[in-house]
Every structure is written in C-alpha cells, then in structure tokens.
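Reader: Hey, got a minute to walk me through this one? I'd like to start with a charged side chain and work outwards.

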Amino acid sequence: MRDLVDHLARRGVAWLSVREGEEALEIALRPAAAAPPPAARIVAAQGPGLFHPRHPDTGTVPPCLEAGDFLFPVPGGEGDEPLAAAGAVVGYGTPLLRRVHASEGDRPEGERNG
C-alpha cells in the first residue's frame with residue numbers, strides 16, 4: 001500500500017476513487033505543510049482521458065479526467081470556464097479550464113520562470 005501511495009504522490013495525485021458496483025475505495029493524499037503552487041489561468045490535462053467539467057456521478061466540482069476505471073480530479077472550481085466539451089477525449093497538455101478566479105500574479109504554465 002505504501003508503494004501505491006508513494007507512486008501516486010510522485011505523480012501529483014491528491015485523490016483517487018475506484019468504484020466497482022456499490023463498493024468504493026478512496027485514497028486522499030494530503031501534502032505536508034507545503035503551500036500549494038499558485039493556480040495557472042489555464043488548466044491543462046495531465047494525461048489522456050475523457051474530460052468531465054463536473055463529477056460524472058455527483059454533478060459537483062471538481063472537474064474530473066476519466067482514464068479507464070479511474071477518475072482524476074482536475075484543479076478547478078465553481079465559475080471556471082470549460083475549454084473542452086463534456087465527454088471530450090483529451091490528451092496530455094490539452095487545455096481543459098480557464099480559471100476565472102486566478103490571482104493577479106498567475107501566469108499560464110508555459111510563461112512561468114524556472
């Protein structure tokens with residue numbers, strides 16, 4: 001189990017939910033005391049899958065990327081503008097959301113220094 005958690009953490013996964021019928025397994029990874037990086041104005045897909053601007057089961061945020069039997073949350077919130085259609089097949093780097101509440105200092109991923 002520790003290997004799985006370490007593997008997910010290295011890839012930036014904060015929450016994993018696996019469902020089979022009525023059974024579900026949920027793993028939430030919480031960072032140590034580190035502050036989260038500033039949000040980008042454009043949120044891009046971190047891998048291939050189907051884009052859901054809202055959770056397909058609950059209809060709530062956060063948006064999700066469905067890859068096989070897994071749903072990966074996409075950093076986003078109420079009011080963010082979807083750039084991909086619901087159910088669209090997307091690849092790594094595909095723009096998914098435009099953050100409408102991004103702070104003044106945020107820049108798109110490609111414009112960050114370092």
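Reader: So, Glu26: how exposed is that residue?

Author: Glu26 is partly exposed, at 44% relative accessible area. Bear in mind that this is a predicted model.

Reader: Okay, and which side chain does Glu26 meet in a salt bridge?

Author: That would be Arg19, with 3.7 Å from N to O. Arg19 is partly exposed as well, its relative accessible area being 45%.

Reader: How many salt bridges does the structure hold?

Author: Five. Another of them pairs the side chains of Asp80 and Arg99, at 3.2 Å from N to O. That pair links distant parts of the chain, 19 residues apart: Asp80 sits in the loop between β6 (70-73) and β7 (81-82), and Arg99 in the segment after β9 (95-98).

Reader: Is Asp80 buried or exposed?

Author: Asp80 has a relative accessible area of 11%. The cut-off for buried is under 20%, so Asp80 counts as buried.

Reader: Right. What does Glu81 do, salt-bridge-wise?

Author: The Glu81 side chain meets that of Arg98, 3.1 Å from N to O. Glu81 belongs to strand β7 and Arg98 to strand β9, so this salt bridge ties together parts 17 residues apart in sequence. Glu81 is partly exposed at 36% relative accessibility, and Arg98 is partly exposed with a relative accessible area of 36%.

Reader: Which residues get joined into one network by salt bridges that share partners?

Author: Arg19, Glu26 and Asp57.

Reader: Switching to the fold. How many helices and strands are there in the chain?

Author: One helix and nine strands. The helix comes first from the N terminus, and the strands follow.

Reader: And what order do the strands take in the open sheet?

Author: Six strands form that sheet, ordered β2-β1-β6-β5-β4-β8, with antiparallel pairing. The edges are β2 (23-28) and β8 (89-90), each of which pairs on one side only.

Reader: How many bridges join β4 to β8?

Author: Two, and the strands run antiparallel, with β4 covering residues 49-52. Leu50 stands opposite Val89 in β8.

Reader: Last topic, the chain overall. What share of the residues is buried?

Author: Buried residues are 23% of the 114 in the protein chain. The accessible surface is about 7,800 Å², and carbon and sulfur atoms account for 55% of that.

Reader: And of the contacts between residues at least 6 apart in sequence, what percentage joins residues at least 24 apart?

Author: That comes to 47%.

Definitions and conventions: Residues numbered from 1 in each chain as written. Predicted model: local features only at pLDDT ≥ 70, side-chain atom pairs only at ≥ 80, totals over all residues. Heavy atoms only, no water. Pairing = 2+ DSSP bridges. Helix = DSSP H or I, 4+ residues; strand = E, 2+ residues; numbered from the N terminus. Buried < 20%, exposed > 50% of the residue type's maximum accessible area, 1.4 Å probe, protein only. Contact = heavy atoms within 4.5 Å. Areas by Shrake-Rupley, 256 points an atom, 1.4 Å probe, with all protein chains shown as cover. Salt bridge = Lys/Arg side-chain N within 4 Å of Asp/Glu carboxyl O.
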